[in-house]
Amino acid sequence: MKFSDRILKVKPSPTIAVTSMASLLKSQGVDIIGFGAGEPDFDTPKNIREAGIKAIETGKTRYTPSGGLPELRNAIVTKFKRDNNLEYKPSEVIVNCGGKHSFYNLMQVLLNDGDEVIIPAPYWVSYPDMVLLAGGKPVIINTEAEAGFKITPAQLEASITSKTRAVVINSPSNPTGAAYSFDELKALAEVIEKTDIIAISDDIYETILFDGFKFSNIANVSDTMKKRTVVLNGCSKTYAMTGWRIGYMAGDQELIAKIDILQGQSTSNPTTISQWAAIEALTGDQSVLAEMMVAFERRRNFVIKELNSMPGVTCYNPEGAFYAFPGVSGVYDLKEWNKVSEKYKDQYKSSSLCAYLMEEAKTAVVPGIAFGNDGYFRMSFATSDENLKEGLKRIREALEKLV
Ligand code: PLP
């Protein structure tokens, strides 16, 4: 069969592939511990679940406006004011079917063939492919743990061409957990303000921050910057609502109107029931977030300490999100590494390492190459303390065999 050039350029999501492989092995009775998925292990809080049930039982099960219920758009406006000190009108926000859909829609309305989007690496696996699907060209800026996994104003400036349409800022980041301070964002804004490019601020991990780190958005830097920023957020990570599929964006009214047209001719509205649950999430009791944070911070502390004491591993201490992104170049230098690379023969070392950990340690982690850097792997710590303890013990034992 013949397929479009567009779809042939796109790779399957590696995180979904690792998670599916882990589920398959589990279903065959293999005792796999999965650290692949990027989702909280908590249930959606009760008040939010109840809002969903109430929507079903009171007949709120029909179409809504394609860009979302007016009540939800108002709730999003309130959230931006309350949490981010950003003022938007309801016509400047839109609800999409998950944060991934938000970014996908944005690429579809922004890009013409060959337009460039700057993506700092390590990056969320889906950004480059969604740029490609829209006919655009991902322009990658590499960052390393030593630089806090953050791009500098000079790197940004050097990557901008006449084709650049946008730069993605994902803070705290998936997969590194690195987060930008206000001053760092201000320095990047100085470069952006001199051009006509857009900043895409992906704030999906905004509430998951450690050691009292204060979240800032580049849109807070100046009025000019606010006009030039599209803020992307959603309920998936903050409220443990990954399956409900609610994402949203705020930005220029004309741009939002174009996304509304695209959505009206593609998915139509995000699920009505989920929208009512999202209203409760955004406007209801926020104290559950603090409870989840206590668990995330405890797990972060444990995981980073453990990883840093394993042979060949050095792990950046993330400011936020729920991922550890250990550097494993030292593992590739261990005496017995050759046995792993000969056995798995993958063109990428991080893929061979993850295949080894899946087979030898029965743990599922994602190769760094999926995020643009072969010297790392990603493990999610959004799972139980027992799983973390057992899984890390197994990873340690597997790595010790390579010494
Ligand atoms: N942005 C980042 C950086 C993510 O890691 C994810 C999910 O993994 C999303 C956006 C989208 O989340 P969802 O589509 O589940 O709302």
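**Figure 1. Composition of the shell around the ligand.** In this predicted model, the residues of the shell around the ligand comprise 4 nonpolar, 5 polar and 4 charged. The shell holds 13 residues, and those that come nearest to the ligand are Gly 99, Asn 174, Asp 202, Ser 236 and Lys 237. The pocket in which the ligand sits is the second largest.

**Figure 2. Polar contacts of the ligand.** Two oxygen contacts and one nitrogen contact are shown here. An oxygen atom of the ligand lies 2.8 Å from a backbone N or O atom of Lys 100. For Tyr 205, a polar side-chain atom is placed 2.8 Å from an oxygen atom of the ligand. Asp 202, one of the residues that come nearest to the ligand, has a side-chain N or O atom 2.6 Å from a nitrogen atom of the ligand. On its own the ligand has 390 Å² of accessible area, and the protein covers 92% of this.

**Figure 3. Two cis peptide bonds in the loop between β5 and α8.** Strand β5 spans residues 164-170 and helix α8 spans residues 182-193. Pro 172 lies in the loop between them, and the peptide bond that leads to Pro 172 from Ser 171 is cis, with omega near -10 degrees. Pro 175 has its place in the loop between β5 and α8 as well. The bond from Asn 174 to Pro 175 is also cis, with omega near 20 degrees. Most peptide bonds are trans. Asn 174 also appears in Figure 1, among the residues that come nearest to the ligand.

**Figure 4. Ala 321 in the loop before β10.** Ala 321 is found in the loop that runs between β9 (314-315) and β10. Its phi is positive, at about 60 degrees, although Ala 321 is not a glycine. Most residues other than glycine have a negative phi.

**Figure 5. An open antiparallel sheet of 3 strands.** The strand order is β10-β14-β13, and the pairing is antiparallel. Strands β10 (323-324) and β13 (366-367) stand at the edges; each has a single partner strand, so one side of each has no neighbour in the sheet. Strands of a sheet pair through backbone hydrogen bonds. Between β10 and β14 (residues 377-380) there are 2 bridges, and these two strands run antiparallel. Tyr 323 has Ser 380 in β14 as its bridge partner.

Terms used
Residues numbered from 1 in each chain as written. Predicted model: local features only at pLDDT ≥ 70, side-chain atom pairs only at ≥ 80, totals over all residues. Heavy atoms only, no water. Near = heavy atom within 4 Å. Polar contact = N/O pair within 3.5 Å; in protein donor to acceptor, adjacent residues only side chain to side chain. Areas by Shrake-Rupley, 256 points an atom, 1.4 Å probe, with all protein chains shown as cover. 1 Å grid on protein atoms, 1.4 Å probe; cavity = no way out; pocket = protein on both sides within 12 Å on 5 of 7 lines; lining within 4 Å. Sits in = over half its atoms within 2 Å of the grid points. Nonpolar A, V, L, I, M, F, W, Y, C, P; charged D, E, K, R; others polar. Pairing = 2+ DSSP bridges. Helix = DSSP H or I, 4+ residues; strand = E, 2+ residues; numbered from the N terminus.
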